[in-house]
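Biologist: Thanks for sitting down with me over this one. Could you put it on the screen so we can go through it together?

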Amino acid sequence: MTNEYGKAAPLSYNKYLRVPDLIGLQDCLSGPEHHDELLFITVHQAYELWFKQILHELDAAVLLMNQDRLPAAARTLGRVVEIEKLLVTQIHILETMVPISFLGFREQLNPASGFQSMQFREIEFTSGLKLEGILNEFRNDPFAYERLRKRYETASLSEIFFAVLSRRGLDAPADDKSLTDAERKQLYERRTQAVLEVLTHFEERYEEFQLGEALLEHDEFFLLWRSHHIKMVERMVGAKRGTGGSEGIGYLQTTLGKKFFPELWEARTYLDVKHGAGGCPFSSPP
Ligand code: HEM
């Protein structure tokens with residue numbers, strides 16, 4: 001862009017960050033405009049920007065893990081966790097709305113819902129929580145469906161983590177869609193056993209341990225977000241049905257059991273100082 005003398009205008013803060021575009025993206029639907037609707041839109045848009053950054057970091061972590069650069073991958077996941085800590089506390093800004101005020105514009109959001117957040121689902125798929133039912137929810141949204149389908153078909157962080165353990169000599173087999181339920185159960189136990197090895201010998205296997213802890217923390221803060229979101233929703237609308245058509249908090253509570261890396265949690269149940277001498281139910285008999 002040039003100025004009135006035909007010279008290139010110097011870069012400015014507002015130009016670089018496209019601030020005029022950014023602050024023009026909050027279109028309130030209420031008429032007359034409801035004071036709190038701007039907060040509602042801003043909080044959601046801020047989430048979506050952070051989701052974009054999280055996906056950027058998760059994709060980097062995948063590359064690093066594939067290159068066996070575990071400390072760098074763990075550091076990248078550390079950034080994801082710091083963002084997630086912010087996302088957990090950010091939800092409470094919405095609690096500064098009094099419930100009657102939120103109800104003043106809630107009806108107009110119908111049938112839109114956070115349930116349809118494409119990037120939230122991308123984070124779930126990329127981490128390891130891939131549900132075909134969720135993918136199919138996006139069938140009528142070609143842009144979102146295509147992004148999600150790609151992530152659905154690409155190896156997740158969970159898959160890549162066990163591939164890393166396998167390359168490092170542990171018995172952590174790869175998943176295969178054709179496995180029977182019994183075979184999948186066995187795969188889960190062998191992977192849990194591999195994690196148990198890492199947790200027991202964490203000094204010798206410090207790189208694998210550090211990466212596993214970073215993944216677990218990502219899972220933990222995502223779950224914490226779920227639970228803070230539920231309490232905020234209950235405070236705002238009680239047990240009313242959601243704008244997306246679900247039962248509301250009844251549905252949301254069912255999501256609290258979702259884990260990206262269940263084996264990383266499960267292994268702790270069997271961790272025992274006697275491990276190796278028969279302390280683990282999955283280990284071969286001494
Ligand atoms: C007053 C504010 C909010 C209320 C009352 C609310 C309410 C709800 C309800 C009732 C659901 C269940 C689905 C449905 O039937 O609609 C839901 C799901 C969801 N909401 Fe919110 N929400 C709020 C703010 C937010 C914010 C700020 C985000 C950030 C992105 C968000 C993200 C989500 C996501 C990702 C789901 C799907 C969760 C899952 O299926 O695991 N919500 N919300």
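Biologist: In what hand does α9 pass α11?

Modeller: Happy to start there, with the reminder that this is a predicted model. The axes of α9 (residues 157-167) and α11 (residues 206-237) come within 11 Å and cross at roughly 165°. Angles over 145 degrees count as roughly antiparallel, so α9 is roughly antiparallel to α11. As for the hand, the crossing of α9 with α11 is left-handed.

Biologist: Which residues of α11 do L157, F161 and L165 of α9 meet?

Modeller: By class, the contact of α9 with α11 has 5 nonpolar, 1 polar and 1 charged residues. Glu counts as charged, and Gly is among the polar ones. On the α11 side, the residues met by L157, F161 and L165 are E208, L211, G212 and L215.

Biologist: Which protein atom is the donor of the iron atom of the ligand, and at what distance?

Modeller: Stay with helix α11, since that is where H229 is placed. H229 is the only protein donor of the iron atom of the ligand. The atom is NE2 of H229, at 2.2 Å.

Biologist: Is A73 buried or exposed?

Modeller: A73 lies in helix α4 (residues 70-90). Leaving aside neighbours within four places in sequence, A73 is in contact with A61, L64, M65 and L211. The relative accessible area of A73 is 0%. Buried means under 20%, so A73 is buried.

Biologist: What separates the C-alpha atoms of A73 and E266?

Modeller: Along the chain, A73 and E266 are 193 residues apart. In space, their C-alpha atoms are separated by 23 Å.

Terms used: Residues numbered from 1 in each chain as written. Predicted model: local features only at pLDDT ≥ 70, side-chain atom pairs only at ≥ 80, totals over all residues. Heavy atoms only, no water. Axes fitted to C-alpha atoms, helices over the stretch in contact; angles between N-to-C directions. Helix = DSSP H or I, 4+ residues; strand = E, 2+ residues; numbered from the N terminus. Parallel < 35°, antiparallel > 145°, perpendicular 65-115°, else oblique. Left-handed = near helix turned anticlockwise from the far one by under 90°. Contact = heavy atoms within 4.5 Å. Donors = N, O, S within 2.8 Å, 3.2 Å for Na, K, Ca; no water. Buried < 20%, exposed > 50% of the residue type's maximum accessible area, 1.4 Å probe, protein only.
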